[in-house]
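Student: I would like to go through the labels used for this structure and see what stands behind each one. Can we take them in turn?

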Amino acid sequence: EFQHQFSRASAEAKNDKSTALAVLQAQGILLEYCSEALRTDREVVAVAVNQAPCALEFAGPKLRSDKDLALTAVKRHGYVLEYANPELQADSTVVLEAVKTHGTSLQFAARELRKDRD
């Protein structure tokens with residue numbers, strides 16, 4: 001219900017930072033419906049990812065390259081590695097954390113790390 005309401009909210013509401021922060025604290029996945037500007041705002045994305053790690057999928061490209069955000073996400077749900085920037089998919093620290101939570105997330109790691117047995 002809440003998702004349905006926010007997805008139909010006005011463009012103004014979807015671009016209001018205080019509204020977005022309140023919504024995302026309850027349901028981070030609703031980052032999908034926020035304005036592009038808010039999806040590139042680190043504070044907004046951090047709130048969303050802390051609540052729902054899979055919200056990383058809807059973050060702007062620069063924030064999908066943010067190692068701290070990626071680590072926050074993959075430590076809770078390793079499969080979120082799929083949405084991280086390719087550079088982070090090649091980062092052994094990020095990949096190791098992802099694999100610790102979901103071994104099958106290794107499939108989203110860079111090829112050179114998938115071959116690494118360590």
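Tutor: Start with a definition: a salt bridge is a side-chain nitrogen of Lys or Arg within 4 Å of a carboxyl oxygen of Asp or Glu. Keep in mind that this is a predicted model.

Student: Why is the contact of arginine 39 with glutamate 36 called a salt bridge?

Tutor: The closest N and O atoms of arginine 39 and glutamate 36 are 3.0 Å apart. The cut-off is 4 Å, so the pair qualifies as a salt bridge. Both residues lie in helix H4 (residues 36-39), three residues apart, about one turn of the helix.

Student: What makes glutamate 36 partly exposed?

Tutor: Its relative accessible area is 44%. Partly exposed is the class between under 20% and over 50%, so glutamate 36 belongs there.

Student: How do you know that arginine 42 and aspartate 66 form a salt bridge?

Tutor: Their side chains meet at 2.8 Å, N to O, and the limit is 4 Å. This pair links distant parts of the chain: arginine 42 is in helix H5 (residues 42-51) and aspartate 66 in the loop between H5 and H6, 24 residues apart.

Student: Which of the labels buried and partly exposed goes to arginine 42, and which to aspartate 66?

Tutor: Arginine 42 has 36% relative accessibility and counts as partly exposed. Aspartate 66 has a relative accessible area of 16%; buried means under 20%, so aspartate 66 is buried.

Student: What makes lysine 67 and aspartate 91 a salt bridge?

Tutor: The closest N and O atoms of lysine 67 and aspartate 91 are 3.1 Å apart, against a cut-off of 4 Å. Lysine 67 lies in helix H6 and aspartate 91 in the loop between H7 and H8, so the pair ties together parts that are 24 residues apart in sequence. Lysine 67, at 34% relative accessibility, is partly exposed, whereas aspartate 91, at 17%, is buried.

Student: Why is aspartate 91 said to cap the N-terminal end of H8?

Tutor: A side-chain oxygen of aspartate 91 lies 2.9 Å from the backbone nitrogen of threonine 93. A polar contact requires N or O atoms within 3.5 Å, so this distance meets the limit.

Student: How do you know that the buried residues of H8 line one face of the helix?

Tutor: In H8 (residues 92-101), Val94, Val95, Glu97 and Ala98 are buried. Seen down the axis of H8, they fall within an arc of 160 degrees, so they line one face. They pack against helix H6 (67-76), helix H7 (86-89) and helix H9 (111-115).

Conventions: Residues are numbered from 1 along each chain as its sequence is written. This is a predicted model: local features need pLDDT of at least 70, side-chain atom pairs count only at pLDDT 80 or more; totals for chains, interfaces and linings use all residues. Side-chain values use heavy atoms; hydrogens and water are left out. Buried means under 20% relative accessible area, exposed over 50%, partly exposed in between (1.4 Å probe, protein chains only). Helices (H or I, at least four residues) and strands (E, at least two) are DSSP runs, numbered from the N terminus. The arc is that of the directions from the helix axis to the C-beta atoms. Contact means heavy atoms within 4.5 Å. A polar contact is a pair of N or O atoms within 3.5 Å; within protein, one must be able to donate a hydrogen and the other to accept it, and residues adjacent in sequence count only if both atoms are side-chain atoms.
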